[in-house]
Amino acid sequence: MIRLLSISCSPEEAQDVDFIKAHVALALGRDFTNFRWHKRSIDARSKHLKINGTLACSVEPLPSRIRAFDFNEVHQAPKVHIVGAGPAGLFAALQALLLGMKPVVFERGKEVRARRRDLAQIARTQQINEESNYCFGEGGAGTYSDGKLYTRSKKRGEVDLVLELLVYFGADEQILVEAHPHIGTNKLPKIIENIRRFIQEKGGEIHFESKVTGIRCKDSYLTHLVINEQDTVEVNHVILATGHSARDIYYLLHQEGIKLLPKPFALGVRVEHLQAFIDRKQYHGRLNNAYLPPASYQLVEQVEGKGVFSFCMCPGGIIAPCATQNGEVVTNGWSPSKRNNPYANSGIVVAIDPADFEHPEDPFVCLAFQETVERSCFNATGNNQKVPAQRLLDFVEGRKSKDFPRSSYTPGIESVRLDELLPEFVVRRLQKAFIAFDKKMPGYLTNDAVVHAPESRTSSPVLIPRDKTHYHHIDVDNLYPCAEGAGYAGGIVSAAIDGMNCMQSIAKAP
Ligand SMILES: Cc1cc2nc3c(=O)[nH]c(=O)nc-3n(C[C@H](O)[C@H](O)[C@H](O)COP(=O)(O)OP(=O)(O)OC[C@H]3O[C@@H](n4cnc5c(N)ncnc54)[C@H](O)[C@@H]3O)c2cc1C
């Protein structure tokens, strides 16, 4: 029998097997010789840092944490079509295998290895491959993402299932233990590759460089997908999991008369501090070390009745060029599993609402705003993937920066008055928020930090409305708008959950 035992100890004690052994023996008896961390989190509220958690303890050897899944062979099973091989598409495909259906996935980008070469080219050529980049390709935006696996989803069972599947396909078992699990950009591609190979071995199909360029509908029913403007594929049920950067898909649906709605999202900048500064702030003067991971932060402030908040903070991370088209620039962040870069970056974004604009009912009102900001930032630095940048205090006080400390953004940065370039209401709210953040984390507002712009792909600016119970589009019964691109997820885990839920709905559909 497994007993769960609470523990609260110092970071050093948490890694001392003899200390833990003694703790278990004292609480449960010397027979409990088998133990491991069950859940663990860092409590850095006081200067006496604590690791709080539970230990799974047993007299018998503990069972493997890797769950056994009952996947089906689906070579001859009924087909279900999925557009997009991001977390949503891939987990929908895994769910199809669990349910005995044959997933057929169309992905516009390349498989992970070929894709990596296209990412490496960005800094060298200053050009984006518009079908293979940080957002498009096998594993979607999730593959070369940071791989933080936190989610606001309260449905623990669904979250655990996604984490357990990731472990099944090669992720470190620690993601089942840590309160803030993280995989890292260096480890994600292998896991994604394992998932793809498994789906194919079981009889599923994944077609790369296969972009959906058209759809055919009849009587509110989706009948065919057009691939690469030439092949027409007959479909029964379709999960549309194309992510929030596939603008062409929104235009395509709109053109076919399929209802879309405008959706609030968030836009701002990505700020880079030194990791050592964040560590000292969060760990009361200490730096990260063998016992303490590089520290993260989360900041939020209400300014003029709107939220300004940190988004996708990457300790020990790198700022990445995440545009999907030439003629625009976009930043986001990633970190390797060890989070061992000297920088800490985070999006700091302002909530943007359709009601902020003249035609709030226009489904593309927020998308047009997002596009305009990305293009104006591109134009500010010339025809390349360099981003406009400003030191943080200069941004708040309205000064051009004369020079910069090193930035992790490899295509390069150029000094631009972002306080003049970005929309006035965004700048005003960001400036007020940075002043407030400095009160919460003294020293945050420093000229040693650099603001990179824009951080604009936080979530979809368009909603594809769907039935709340059955997940299909409100007007098209066999089209399942899914995950981040449709406006129902934000992040890897929630996208994966939504993909699985859409597939379950299809299994129950008449
Ligand atoms: C640099 C970076 C860091 C991130 N860090 C984190 C993090 O730490 N934690 C976290 O939870 N989230 C993170 N994210 C966000 C996360 O990656 C996304 O939330 C998640 O990938 C969304 O999953 P999805 O399946 O809905 O869409 P996506 O991952 O965007 O996948 C959509 C897929 O559809 C394909 N596609 C698009 N159009 C078509 C078409 N017409 N035909 C065929 N295929 C098409 C795309 O090529 C893409 O592969 C990060 C994102 C980036 C870019």
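**Exercises on a predicted model**

Helix H4 (residues 112-125) and helix H6 (residues 188-201) pack at an angle of about 145 degrees, their axes lying 10 Å apart. The model is predicted.

**Exercise 1.** Find which residues make the contact between H4 and H6, and sort them by class.

*Solution.* Step 1: on H4, the contact residues are Val112, Arg113 and Arg116. Step 2: H6 contributes Pro189, Ile192, Glu193 and Arg196. Step 3: by class, the contact of H4 with H6 has three nonpolar, four charged and no polar residues.

**Exercise 2.** Describe the largest nonpolar core and state where it lies relative to domain 2 and domain 3.

*Solution.* Step 1: this core has 65 residues, of which Phe91, Leu94, Leu166, Ile239 and Met503 touch the most other members. Step 2: the elements that each supply at least two residues include helix H3 (87-99), helix H5 (156-168) and helix H14 (492-508). Step 3: H14 gives the most, with nine residues. Step 4: domain 2 (79-260 + 464-508) and domain 3 (262-455) both give residues to the core, so it lies between them.

**Exercise 3.** Decide whether Asp419 is buried or exposed, and list the polar contacts of its side chain with Gln390 and Arg417.

*Solution.* Step 1: Asp419 sits in helix H11 (residues 418-421). Step 2: its relative accessible area is 15%; buried means under 20%, so Asp419 is buried. Step 3: its side chain makes a polar contact of 2.9 Å with the side chain of Gln390 and one of 2.8 Å with the side chain of Arg417. Step 4: leaving aside neighbours within four places in sequence, Asp419 is in contact with Gln390, Phe395, Gly398, Val427 and Gln431.

Key. Residues are numbered from 1 along each chain as its sequence is written. This is a predicted model: local features need pLDDT of at least 70, side-chain atom pairs count only at pLDDT 80 or more; totals for chains, interfaces and linings use all residues. Side-chain values use heavy atoms; hydrogens and water are left out. Helices (H or I, at least four residues) and strands (E, at least two) are DSSP runs, numbered from the N terminus. Buried means under 20% relative accessible area, exposed over 50%, partly exposed in between (1.4 Å probe, protein chains only). A polar contact is a pair of N or O atoms within 3.5 Å; within protein, one must be able to donate a hydrogen and the other to accept it, and residues adjacent in sequence count only if both atoms are side-chain atoms. Contact means heavy atoms within 4.5 Å. Axes are lines fitted to C-alpha atoms, for helices over the stretch in contact, and angles run from 0 to 180 degrees between N-to-C directions. Ala, Val, Leu, Ile, Met, Phe, Trp, Tyr, Cys and Pro count as nonpolar, Asp, Glu, Lys and Arg as charged, and the others, Gly among them, as polar. A nonpolar core is a set of buried Ala, Val, Leu, Ile, Met, Phe, Trp, Tyr and Cys residues joined through side-chain atoms within 4.5 Å. Domain bounds come from an automatic or database domain assignment.
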